Amino acid sequence: MGGMLAELGKKLAERWLSLLVLPGALYLAVAATAHVLGHSHPFCLHRLTGQITEWANVPAAGSAGGQVVLLAAVLGGAAAVGLAAQALGSLAEQLHLAADWRTWPAGARSLARRATAWRQTRWETAAEAWHHHRDEAARARARGPRVDSVARHAARATMTHISLERPARPTWSGDRIHAVAIRLERDYHLDLAALWPHLWLVLPDTVRTEITAARQALTRATALTAWALLYLPLAAWWWPAATIAAVLAVTSWRRTRSAADTYATLLEAAARLHARDLADRLGLDPAGPFTRESGGALTRHLSPSPPPRPPDDTLVIGA
């Protein structure tokens, strides 16, 4: 037990150091640089090193007690900044995925609704072009000669660049994950929300490890947006901080799209590969391939029953 607790403490310390302290310490260093250099001397290393030397020559910094207090202050400040970044990261993840955008405050909900409608219009135009090229290719195959597929592939690329399915959320990443639920419902009548908690319990360890890693990568990607927001106010004192914030924002956007795509792909693959295993565990394994009827039966079995109708003599609130 002692060895296990020691190893657990070591891992927790490593995660605390890597996720909170080191990024927070870098932020404090940039903030100190912004305070010293300002807009007038944004890249003056001589000014920066001179100020650091002056701080190091303070008598309190030369004593053991002063150094301990300074180290504790830096670690505490770095951890506080890291916690703030994690809190902002959770908010940034909600904005990136936008799963509950219909419950956002009125102003944000209105913006999300307009963004979703705009994405739907663009997607419908691209989807219509893709289906037109598909129909042309089908008619050409019926006549014999095959048509050039470049235009059809280009139309599909344009459509999927907007969304794999008809947009229902204001962001690409949110629609990418939502597309998994749409496809499973269309192909197998599976309700992903009802299926997933039960399916997770029967998945092999290797599959769960891959999905967990993909989900953590998505969280880390959205956390970069939080750091971009934290670096942005420093631009009021030191304009290069705006460049740092912009680089972090662009990196977060690209990584979030990539991580959301990987996570959604693994979710869909796990559901398609192991839904039959879950049906078998529940005694619903059909004879033959897993079909829409099989998926519908599994969904009905896993979906909880609705609450009963209130009795007629229920007291009226406020009466």
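**Salt bridges and a helix crossing**

Let me begin with one residue, R183, which has a relative accessible area of 18% and is therefore buried, the limit for that label being under 20%. Please keep in mind throughout that what we are looking at is a predicted model.

What does R183 pair with? R183 forms a salt bridge with E165, and the closest N and O atoms of the two are 3.4 Å apart. This pair links distant parts of the chain, since E165 sits in the loop between α6 and α7 while R183 belongs to helix α7, and their positions lie 18 residues apart in sequence. E165 is buried as well, with a relative accessible area of 10%. The two also belong to a network of salt bridges, in which E165 and R183 are linked with R186, D187, E268 and R272.

As a general remark, side chains of opposite charge can pair when their charged atoms come close. In this model the count comes to 11 salt bridges, and I would like to take you through two further ones.

In one of them, the side chains of E93 and R215 meet with an N to O distance of 2.5 Å. Because E93 lies in helix α4, residues 64-97, and R215 in helix α9, residues 205-231, the pair ties together parts of the chain that are 122 residues apart in sequence. Of these partners, E93 counts as buried at 15% relative accessibility, whereas R215, at 26%, is partly exposed.

Another joins the side chains of E124 and R166, at 2.9 Å from N to O. Here E124 lies in helix α5, residues 106-143, and R166 in the loop between α6 and α7, so that this salt bridge ties together parts that are 42 residues apart in sequence. Both side chains belong to partly exposed residues, E124 with a relative accessibility of 37% and R166 with a relative accessible area of 40%.

Let me now turn from charged pairs to helices. Two packed helices are described by the angle between their axes and the distance between the axes. How do α8 and α10 cross? The axes of helix α8, residues 192-202, and helix α10, residues 240-281, come within 9 Å and cross at roughly 80°, which makes α8 roughly perpendicular to α10.

On the α8 side, the residues that meet α10 are L195, W196, H198, L199 and V202, and their counterparts in α10 are L267, A270, A271, H274, A275, L278 and R281. Sorted by class, this contact has 9 nonpolar, 2 polar and 1 charged residues.

Technical notes: Residues are numbered from 1 along each chain as its sequence is written. This is a predicted model: local features need pLDDT of at least 70, side-chain atom pairs count only at pLDDT 80 or more; totals for chains, interfaces and linings use all residues. Side-chain values use heavy atoms; hydrogens and water are left out. A salt bridge is a side-chain nitrogen of Lys or Arg within 4 Å of a carboxyl oxygen of Asp or Glu. Helices (H or I, at least four residues) and strands (E, at least two) are DSSP runs, numbered from the N terminus. Buried means under 20% relative accessible area, exposed over 50%, partly exposed in between (1.4 Å probe, protein chains only). Axes are lines fitted to C-alpha atoms, for helices over the stretch in contact, and angles run from 0 to 180 degrees between N-to-C directions. Angles under 35 degrees count as roughly parallel, over 145 as roughly antiparallel, 65 to 115 as roughly perpendicular and the rest as oblique. Contact means heavy atoms within 4.5 Å. Ala, Val, Leu, Ile, Met, Phe, Trp, Tyr, Cys and Pro count as nonpolar, Asp, Glu, Lys and Arg as charged, and the others, Gly among them, as polar.
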